[in-house]
Amino acid sequence: IENGKEEKTLSEQGGCRVSSVAVTSNGTRIVSGGWDKAVKLWSLATGKVEMTFSGHIEHVFNVAVTPDGTRIVSGSGDMTIKVWNVTTGVEERTISGHTEPIWSVAITPNGTRIISGSEDNAIKVWNLKTGHEERTLCGHTGKVNS
């Protein structure tokens, strides 16, 4: 940023479109999601993929990382949210409830809730630990994305 020059290009997303990136709170890792249906965890220091999370059956449109960096959340065109454990590389749960593709996911600052926005015009609030839906916010007349 100081000199305006590119430092690194991360290019192992299978040649597919990358639709979302997120940075861990400590700034050492990047998470990406893309049209290859995968979520990737990258080392910012080396520019290499540390882990690939597979399980979505459609494009991954959005990713988020918990404030403590232990979980990744991904939203997909398959109408699901997946919660991934960064330490084990295992999918902890799949959350369903939207009726259209999920374009946006976010995690609350305290790391306890997932907020999702969908093409079904709804915003949903989920308990990250249990995957249970806590609330649906309606009122948009078009898809919710960010």
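Visitor: Which residue stands opposite Trp84 in β8?

Guide: In this predicted model, strand β7 covers residues 80-85 and strand β8 covers residues 91-96. The two strands pair in the antiparallel sense over five bridges. Within β8, the residue opposite Trp84 is Glu91.

Visitor: With which residue does Lys82 form a salt bridge, and how far apart are the closest N and O atoms?

Guide: Side chains of opposite charge can pair when their charged atoms come close. The partner of Lys82 is Glu91, the residue that also stands opposite Trp84. The closest N and O atoms of Lys82 and Glu91 are 3.3 Å apart.

Visitor: Is Lys82 buried or exposed?

Guide: Buried means under 20% relative accessible area. Glu91, at 30% relative accessibility, counts as partly exposed. Lys82 has a relative accessible area of 7%, and therefore counts as buried.

Visitor: Which residue takes a positive phi in the hairpin of β7 and β8?

Guide: This hairpin has five residues between the strands. One residue there takes a positive phi near 80 degrees, namely Gly89.

Visitor: In what order do the four strands of the open sheet lie?

Guide: Strands of a sheet pair through backbone hydrogen bonds, either parallel or antiparallel. In this open sheet the pairing is antiparallel. The edge strands, each pairing on one side only, are β9 (102-107) and β12 (133-137), and the twist averages 20 degrees from one strand to the next. The order is β9-β10-β11-β12.

Visitor: Which residue of β11 stands opposite Ile114?

Guide: Strand β10 spans residues 113-118 and strand β11 spans residues 123-127. Their pairing is antiparallel and runs over five bridges. Opposite Ile114 in β11 stands Trp126.

Visitor: Which residue of β12 is the bridge partner of Ile123?

Guide: β11 and β12 pair in the antiparallel sense over four bridges. Their hairpin has five residues between the strands, and Gly131 takes a positive phi near 80 degrees there. The bridge partner of Ile123 in β12 is Leu137.

Visitor: How many residues apart are Glu134 and Arg113, whose side chains meet in a salt bridge?

Guide: The N to O distance in this salt bridge is 2.5 Å. At 33% relative accessibility, Glu134 counts as partly exposed, and Arg113 likewise counts as partly exposed at 33%. The pair links distant parts of the chain, with Glu134 in strand β12 and Arg113 in strand β10, and the separation is 21 residues.

Visitor: What is the relative accessible area of Lys124, which forms a salt bridge with Glu133?

Guide: The closest N and O atoms of Lys124 and Glu133 are 3.3 Å apart. Glu133 is partly exposed, with a relative accessible area of 37%. Lys124, by contrast, is buried, and its relative accessible area is 9%.

Visitor: How many salt bridges does the structure hold?

Guide: Among them are the pair of Lys82 and Glu91, the pair of Glu134 and Arg113, and the pair of Lys124 and Glu133. The number of salt bridges in the structure is five.

Visitor: With which residues is Thr24 in contact, leaving aside its neighbours within four places in sequence?

Guide: Thr24 lies in the loop between β1 (18-23) and β2 (29-34). Thr24 is buried, with a relative accessible area of 9%. A polar contact of 2.8 Å joins its side chain to that of Asn26. Leaving aside the neighbours within four places in sequence, the contacts of Thr24 are Arg29 and Val65.

Notes. Residues numbered from 1 in each chain as written. Predicted model: local features only at pLDDT ≥ 70, side-chain atom pairs only at ≥ 80, totals over all residues. Heavy atoms only, no water. Pairing = 2+ DSSP bridges. Axes fitted to C-alpha atoms, helices over the stretch in contact; angles between N-to-C directions. Salt bridge = Lys/Arg side-chain N within 4 Å of Asp/Glu carboxyl O. Buried < 20%, exposed > 50% of the residue type's maximum accessible area, 1.4 Å probe, protein only. Polar contact = N/O pair within 3.5 Å; in protein donor to acceptor, adjacent residues only side chain to side chain. Contact = heavy atoms within 4.5 Å.
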